[in-house]
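The following exercises concern a single protein model. Please work through each task with the sequence and the structure at hand before reading its solution.

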Amino acid sequence: MEDIINKPKHYTQGKIEVLDFIEDQKLDFISGNIIKYVCRCKYKGNELDDLKKAKFYIERLIRAVESR
């Protein structure tokens, strides 16, 4: 039976979980969300919605870097 809280199928594609990669790389919240949405988009049901979410976070990160 699928554990939809801790290990939904879209969390466990490939050899490592996306969250483990994000933590290993010490990514901030915005960068982590970009990685998360791009890596999981094909497995959650609506690829385009997740790509648009990633785009939202990319644009936010760009604005933050530009304002430094």
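**Exercise 1. Locate Lys-26 and decide whether Lys-26 is buried or exposed.**

Solution. Begin with position: in this predicted model, Lys-26 belongs to the loop that connects helix 1 and helix 2. Next, consider the accessible area. The relative value for Lys-26 is 72%, and the threshold for an exposed residue is over 50%, so Lys-26 is classed as exposed. Finally, inspect the backbone: Lys-26 has a phi near 55 degrees, which is a positive value in a residue other than glycine.

**Exercise 2. Describe the surroundings of Gln-25 and Leu-27 in the loop between helix 1 and helix 2.**

Solution. Take Gln-25 first. Gln-25 lies in the loop between helix 1 and helix 2 and is partly exposed, at 41% relative accessibility. The side chain of Gln-25 makes a polar contact of 2.9 Å with the side chain of Asp-24.

Now turn to Leu-27, which is placed in the loop between helix 1 (18-24) and helix 2 (29-40). With a relative accessibility of 30%, Leu-27 is partly exposed. Together with Ile-16 and Phe-21, Leu-27 forms a nonpolar surface patch of about 240 Å².

**Exercise 3. Which residues make up the largest nonpolar core, and which elements give two or more residues to this core?**

Solution. First list the members: the largest nonpolar core has five residues, namely Ile-30, Ile-34, Tyr-37, Ala-54 and Tyr-57. Then assign them to elements: helix 2 and helix 3 each give two or more residues to this core. Helix 2 supplies the largest share, three residues.

As a last step, follow one core member outwards. Leaving aside residues up to four places away in sequence, Tyr-37 touches Ala-54 and Tyr-57, and also Lys-44, Asp-50 and Lys-53.

**Exercise 4. How many salt bridges does the model contain, and which side chains meet in them?**

Solution. The principle comes first: side chains of opposite charge can pair when their charged atoms come close. The criterion is a nitrogen-to-oxygen distance within 4 Å. The count is three salt bridges.

- Asp-50 pairs with Lys-44 at 3.4 Å, N to O.
- Asp-50 also pairs with Lys-53, at 3.7 Å, N to O.
- Glu-59 pairs with Lys-55 at 3.9 Å, N to O.

**Exercise 5. Why are Asp-50 and Lys-53 separated by about one helical turn, and which residues are linked with them in a network of salt bridges?**

Solution. Asp-50 and Lys-53 are separated by about one helical turn because they are three residues apart in helix 3 (residues 47-66). The salt-bridge network links Lys-44, Asp-50 and Lys-53.

Then compare accessibility within the network. Asp-50 has a relative accessible area of 3% and is buried. Lys-44, at 38%, is partly exposed, and Lys-53, at 36%, is likewise partly exposed.

**Exercise 6. Where do Glu-59 and Lys-55 lie, and how many residues apart are they?**

Solution. Both Glu-59 and Lys-55 are in helix 3, four residues apart, which corresponds to about one turn of the helix. Their side chains form a salt bridge with an N to O distance of 3.9 Å. Glu-59 has a relative accessible area of 36% and is therefore partly exposed.

Conventions
Residues are numbered from 1 along each chain as its sequence is written. This is a predicted model: local features need pLDDT of at least 70, side-chain atom pairs count only at pLDDT 80 or more; totals for chains, interfaces and linings use all residues. Side-chain values use heavy atoms; hydrogens and water are left out. Buried means under 20% relative accessible area, exposed over 50%, partly exposed in between (1.4 Å probe, protein chains only). Patches are made of residues with over 30% relative accessible area and no salt bridge: like charges are joined within 9 Å, nonpolar side chains (Val, Leu, Ile, Met, Phe, Trp, Tyr) within 5 Å. Accessible areas come from the Shrake-Rupley method with a 1.4 Å probe; for residues, only the protein chains shown count as cover. A nonpolar core is a set of buried Ala, Val, Leu, Ile, Met, Phe, Trp, Tyr and Cys residues joined through side-chain atoms within 4.5 Å. Contact means heavy atoms within 4.5 Å. A polar contact is a pair of N or O atoms within 3.5 Å; within protein, one must be able to donate a hydrogen and the other to accept it, and residues adjacent in sequence count only if both atoms are side-chain atoms.
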